[in-house]
Amino acid sequence: MYIFRGPVIVFILALFSLLSTTSQRSTCSEAFSKLKEDRHFEQCMKLPTLGAEFAWNIQEDHARQVNQIDVFFGTRLHAEIGWLAWGVNPTNELKMVGTRAIIGISMPNGTRAIDTYNVTAATKLGCGLQPLKIDFFKNMKIEYSDKNHYFMISASLYLPEPEYNISSLNHVWQVGYQSNGMEPLMHPTSLQNVDSAETINLKTGVSEGVGQHRHHLRKMLALRLKPRRTDEYRKFWNLYHHCLGYALLAAISVDIFLGIGILRPLDHAWKWSYFGVLGILGVIFLLFEIYSWCKFLNQKEKNNQEQRSQNK
Ligand code: HEM
């Protein structure tokens, strides 16, 4: 199989180049830009998941080794009740456990409140997440815009160096739809919810998210197990599944052919028999392909007709 070595190496190199992607993400939406300008925030970026947007200002104080960052974080929540969290994680890993967060909660009785929380391994295991004082969070605020349904939280953080490096800060965000008083309850675990963490350089606005890498990997390789029909990744899985199947069939056929060549049989009977078998398999393959394409196109036409009749 030495003939496949070159393309395999190119493929692996391409994969690694994807893994090291960083991005300067698009600036915020018009609505959020207006909200952050009213609050005098300068830098702003759309985050990759949960429709979240993030604005910030920094004031470095090298003498005291404490950097002040003012943060403003918001998203449009589908339900009026729920919670919104944003936090920083001083551990080396981009994950929920270890995050010091502010969580804004909108309660069923209409009151809104915000507090600080330390998200631990016990939280992940289901132990209640109760407010805990974290000294470096100040001036916390929770707001809701009736006009465009933005749920927003903001705070000033006084982050000690070198524990928190603002050129490479792990930040984590999340939304949930249920709470018990000031205790936020478990959030959904869709792809959007588990990809909501990234490392950001607050000085340049360049970020590198766990989701970006996973997103690329899920798309080119479809490494996730077979996604549901409604899943946004299903089309990539289908593509991957078919292409891999065809590529394997081609590789196996060529490999057997090469094997016959290596064995150097005295007559050409083996080679011609193999061509014969391949030919028969090829015809069967073609018939099945025609059948499945007809079925696929019929189903598509049926779905379109149903859609049209529902729209009438
Ligand atoms: C309310 C209590 C919470 C519970 C019970 C909880 C539980 C969990 C669980 C079980 C997972 C793993 C899901 C999976 O892999 O399928 C998870 C992931 C995650 N959670 Fe939470 N969580 C809570 C609060 C938070 C908060 C406040 C944040 C953000 C500040 C957050 C951010 C994340 C992120 C980014 C992930 C994906 C990355 C990771 O697994 O570490 N969670 N959470």
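Guide: Let's start with a term we will need: a helix here is a DSSP run of H or I covering at least four residues. This is a predicted model, and we can use that term on residues 275–293, a span that is 100% helix and 0% strand.

Visitor: What are the end C-alpha atoms of residues 275–293 doing, in terms of distance?

Guide: They lie 26 Å apart. The UniProt record, an unreviewed entry, lists residues 275–293 under "transmembrane region", along with residues 244–263. Residues 244–263 are also 100% helix and 0% strand, with end C-alpha atoms 28 Å apart.

Visitor: Let's go to the ligand. What makes M96 and H187 donors to the iron atom of the ligand?

Guide: A donor is an N, O or S atom within 2.8 Å of a metal such as iron. The SD atom of M96 and the NE2 atom of H187 coordinate the iron at 2.0 to 2.1 Å, so they fall within that limit.

Visitor: And where along the chain do M96 and H187 sit?

Guide: In distant parts, 91 residues apart. M96 belongs to the loop between strand 4 (82–88) and strand 5 (100–106), while H187 belongs to the loop between strand 11 (183–184) and helix 4 (191–194).

Visitor: Why is the site of the iron atom called octahedral?

Guide: Six donors earn that word if opposite donors are over 155 degrees apart and all others between 65 and 115. The iron has 6 donor atoms, with angles among them of 86 to 180 degrees, and its site is classed as octahedral. For reference, ideal angles for six octahedral donors are 90 or 180 degrees.

Visitor: Is M96 buried or exposed, or something in between?

Guide: In between: its relative accessibility is 28%, so M96 counts as partly exposed. The partly exposed class lies between the buried limit of 20% and the exposed limit of 50%. H187, at 13%, is under 20% and therefore counts as buried.

Visitor: Which residues come nearest to the ligand?

Guide: There are 18 residues around the ligand, and M96, Q174, P184, M186 and H187 come nearest.

Visitor: What makes the spacing between K124 and the ligand a polar contact?

Guide: A polar contact needs a pair of N or O atoms within 3.5 Å. A polar side-chain atom of K124 is 3.3 Å from an oxygen atom of the ligand, so that pair fits the limit. For M96, a backbone N or O atom lies 2.8 Å from a ligand oxygen. In H187, an N or O atom of the side chain is 2.8 Å from a nitrogen atom of the ligand.

Visitor: How do you know that C28 and C44 form a disulfide?

Guide: Their sulfur atoms are 1.9 Å apart. The limit for a disulfide is 2.5 Å, so C28 and C44 qualify. The structure holds 1 disulfide.

Visitor: Which parts does it tie together?

Guide: C28 sits in the loop between helix 1 (5–19) and helix 2 (30–38), and C44 in strand 1 (residues 43–46), so the link joins parts 16 residues apart in sequence.

Visitor: Why is the disulfide of C28 and C44 called left-handed?

Guide: Because the torsion about its S-S bond is about -100 degrees. C28 has a relative accessible area of 9%, which is under 20%, so C28 is buried. C44, at 14%, also counts as buried.

Visitor: Why is E143 called buried?

Guide: Its relative accessible area is 16%, and buried means under 20%, so E143 qualifies. E143 is part of strand 7 (residues 137–145), and its side chain makes a polar contact of 2.7 Å with the side chain of R39.

Visitor: What makes the phi of Q65 worth pointing out?

Guide: Most residues other than glycine have a negative phi. Q65 is not a glycine, yet its phi is positive, about 55 degrees. Q65 lies in the loop between strand 2 (53–59) and strand 3 (66–76). H149 also has a positive phi, about 60 degrees, without being a glycine, and is found in the loop between strand 7 and strand 8.

Visitor: How do you know that the peptide bond joining E161 and P162 is cis?

Guide: Its omega is about 0 degrees, and the bond is cis. Most peptide bonds are trans. P162 lies in the loop between strand 8 (150–160) and strand 9 (169–176).

How values were computed:
Residues numbered from 1 in each chain as written. Predicted model: local features only at pLDDT ≥ 70, side-chain atom pairs only at ≥ 80, totals over all residues. Heavy atoms only, no water. Donors = N, O, S within 2.8 Å, 3.2 Å for Na, K, Ca; no water. Tetrahedral: all angles 85-135°; square planar, octahedral: opposite > 155°, others 65-115°. Helix = DSSP H or I, 4+ residues; strand = E, 2+ residues; numbered from the N terminus. Buried < 20%, exposed > 50% of the residue type's maximum accessible area, 1.4 Å probe, protein only. UniProt positions renumbered as here; feature names shortened; annotations may be inferred. Near = heavy atom within 4 Å. Polar contact = N/O pair within 3.5 Å; in protein donor to acceptor, adjacent residues only side chain to side chain.
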